[in-house]
Amino acid sequence: LEENMEAVKRAGGPVMFAHDYLTIEEEASFYSIDTLQHIILVSPYTYARKDKMPDYVTTAIEGLYSADGANDARSISWDDFYRLGDTFTGNYQVAPDPNRPLYHPYTSGSTGPSKEIIHTAASIVGILTQLVIPTPVKTEWRCLLTLLPPALIAIVVPIMLYRISNTDLLILDPFCDEADFDLEFMRYRPNHLVAVPMMADFLRLSKRIPEDYNMDFLVIYGGGADPVHNKWLAKTQKFLQDHHSKAVFSMCYGMSEAGSVITNPHANSSFMNCCNGIPMQYQTVAIFEKDTQKELDYNQIGEICVHGPSLMVGYNGRPEETEKVLQTHPDGLKWVHTGDFGYMNEQGELFVMSRGINSRYAGGPLFITDIENRVVEVPGVDDCFVVIVQDKAHPGYFLPYMYLVLDPGVTVEDVKDPIYAVLKEHEYPVRIITTDKREYFHFKTNRRILAAQLLAEQE
């Protein structure tokens, strides 16, 4: 609620839109903002056929409502708001300007508070242009988009607008409970499925998908937003093969500041070992030395920077952060400094190692996915994810904590020595913590909240 209120304050507009299951308390919180005059309340059933929805979807929707629903007199239903246009006679058009701020999406907020990003019609068209690849004429192509929030540029433009402009059947399914994602998948049988690793896990671990269920309808299975290790990729690929799908779970790379689309899958290469494909046709990706504009050579780890037609204008109301991220180089071009670190090989493949370089005091850098790739090969380790925490004793440095999902009957003592054997000394975890399964927050591995808890525990 606090982040949403901050977004409304920053927008400064007199009207906001919200679902009609907004509570009285939430409604009052928003109306405490001086600039806000009206809330337009929209039902999830608007432009939908409730009678065609399966019970588990309507049950999930009804569960969102409470007894203390929004009832402020300043709030207006969508239908009443829509009817206000019937008698409007004023001029609502503005002069065309492709560089005027048009869409302000937010970052996902997995590493910190979400940031509001400014995109224009020009940058949005720049995103779409890179996605339009000539394909054979097809009679039907179904793309299922479920659960993921539409406030993200990665959803609204690369998925929604691209599919609509491509005349594909886009299935928006935001109200399905995550526990029933497998049922929706089998109901719609999509050719193209957008699924971050969390959702891919829901399918792979489903008890309701029959072992002999044929998924030959699934052709493209796209992922992103959360780094995954080699063992996870191998498990997901085996799941697809066991169900007769020719799709490859493709881990692409992107970020909101660069329009989200930076790399494409590379059909002739593996996605193992942190590989995230090759740059899209109009994106220039280069690796620069940390905190400089000095370009590095192939296979040298540095900051990933992007130049192309889909860059943001900047962060709304954050000029200092904009200046840090969006830099003009000596070549006269604007580059987004992503804060992500990795390298590119001679084949043009991008390997993303981590968000930032988090170094250990008197040690070296902590590249979490690289560490995880080695640890998951230890017999008895089913899954591993590393959480990096600030080192209170040494400001500016970090400490690694390791979370393990172990095979049945295996203990930490059984795997501790083999794990240390595959790690460098500075990568040794402060603590090894066991968990039954990987936890998620904002559709990503729950590193942010776990890191805050571990930081609070430091003396």
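Student: In this predicted model, how much of helix α8 is covered, and how many of its residues are buried?

Tutor: A residue counts as buried when its relative accessible area is under 20%. By that criterion α8 is mostly covered, with six of its eight residues buried.

Student: Which residues of α8 are buried?

Tutor: The buried positions are Pro197, Met198, Met199, Ala200, Asp201 and Leu203. Aspartate 201 has a relative accessible area of 9%, so this acidic residue falls under the 20% limit.

Student: With which residue does the side chain of aspartate 201 meet in a salt bridge?

Tutor: Side chains of opposite charge can pair when their charged atoms come close. Here the partner of aspartate 201 is arginine 204, at 3.1 Å from N to O. The two residues are three positions apart in helix α8 (residues 197–204), and therefore about one helical turn separates them.

Student: At what angle do helix α7 and α8 pack?

Tutor: An angle of 65 to 115 degrees is counted as roughly perpendicular. Helix α7 (residues 181–188) and α8 pack at about 80 degrees, and their axes are 8 Å apart. The two helices are therefore roughly perpendicular to each other.

Student: Which residues make that contact?

Tutor: Phe181, Asp182 and Phe185 contribute from α7, while Met199, Phe202 and Leu203 contribute from α8. In composition, the contact of α7 with α8 has five nonpolar residues, no polar residue and one charged residue. Two of the α8 residues named here, Met199 and Leu203, also appear among the buried residues of that helix.

Student: How many salt bridges does a search of the whole structure find?

Tutor: The search finds 22. One of them joins the side chains of arginine 10 and glutamate 6, at 3.4 Å from N to O. Both residues belong to helix α1 (residues 2–11), where they lie four residues apart, about one turn of the helix.

Student: Where do arginine 10 and glutamate 6 stand on the scale of accessibility?

Tutor: The class between buried and exposed covers values from 20% to 50%. Arginine 10, at 31% relative accessibility, is partly exposed, and glutamate 6, at 36%, is likewise partly exposed.

Student: Are the salt-bridge partners aspartate 51 and arginine 49 buried or exposed?

Tutor: Exposed means over 50% relative accessible area. Aspartate 51 has 56% and so counts as exposed; arginine 49 has 51% and so counts as exposed too. Their side chains meet at 2.8 Å, N to O.

Student: Which residues are linked in a network of salt bridges?

Tutor: Such a network links Lys115, Arg318 and Glu321.

Student: Turning to strands, how is the pairing of β17 with β18 to be read?

Tutor: One considers the direction of the strands and the bridges between them. Strand β17 (residues 334–344) runs antiparallel to β18, and five bridges join the two. Within this pair, tyrosine 343 stands opposite phenylalanine 351 in β18. The strands form a hairpin with five residues between them, and glycine 348 in the turn has a positive phi of about 80 degrees. Strand β18 (residues 350–355) is largely enclosed by the rest of the structure, because five of its six residues are buried.

Student: What is the strand order in the open sheet that contains β20, and which strands stand at its edges?

Tutor: The order is β19-β20-β21, and the pairing is mixed. The edges are β19 (381–390) and β21 (432–434); each has a single partner strand, so one side of each lacks a neighbour in the sheet. From one strand to the next, the twist averages 25 degrees. Strand β20 (residues 398–406) and β21 run parallel and are joined by three bridges, with tyrosine 403 opposite isoleucine 433 in β21.

Student: Which strands of this sheet do helices α11 and α13 touch?

Tutor: Helix α11 (residues 368–375) packs on the sheet against β19 and β20, and its direction makes about 150 degrees with that of β19. Helix α13 (residues 447–457) also packs on the sheet, touching β19, β20 and β21, with a direction about 60 degrees from that of β19.

Student: What is the pairing in the open sheet β1-β2-β3?

Tutor: This three-stranded sheet has parallel pairing. Its edge strands, β1 (15–19) and β3 (76–77), each pair on one side only. Five bridges connect β1 with strand β2 (residues 38–42) in the parallel sense, and alanine 18 stands opposite leucine 41 in β2.

Notes: Residues numbered from 1 in each chain as written. Predicted model: local features only at pLDDT ≥ 70, side-chain atom pairs only at ≥ 80, totals over all residues. Heavy atoms only, no water. Salt bridge = Lys/Arg side-chain N within 4 Å of Asp/Glu carboxyl O. Buried < 20%, exposed > 50% of the residue type's maximum accessible area, 1.4 Å probe, protein only. Pairing = 2+ DSSP bridges. Axes fitted to C-alpha atoms, helices over the stretch in contact; angles between N-to-C directions. Contact = heavy atoms within 4.5 Å. Parallel < 35°, antiparallel > 145°, perpendicular 65-115°, else oblique. Nonpolar A, V, L, I, M, F, W, Y, C, P; charged D, E, K, R; others polar.
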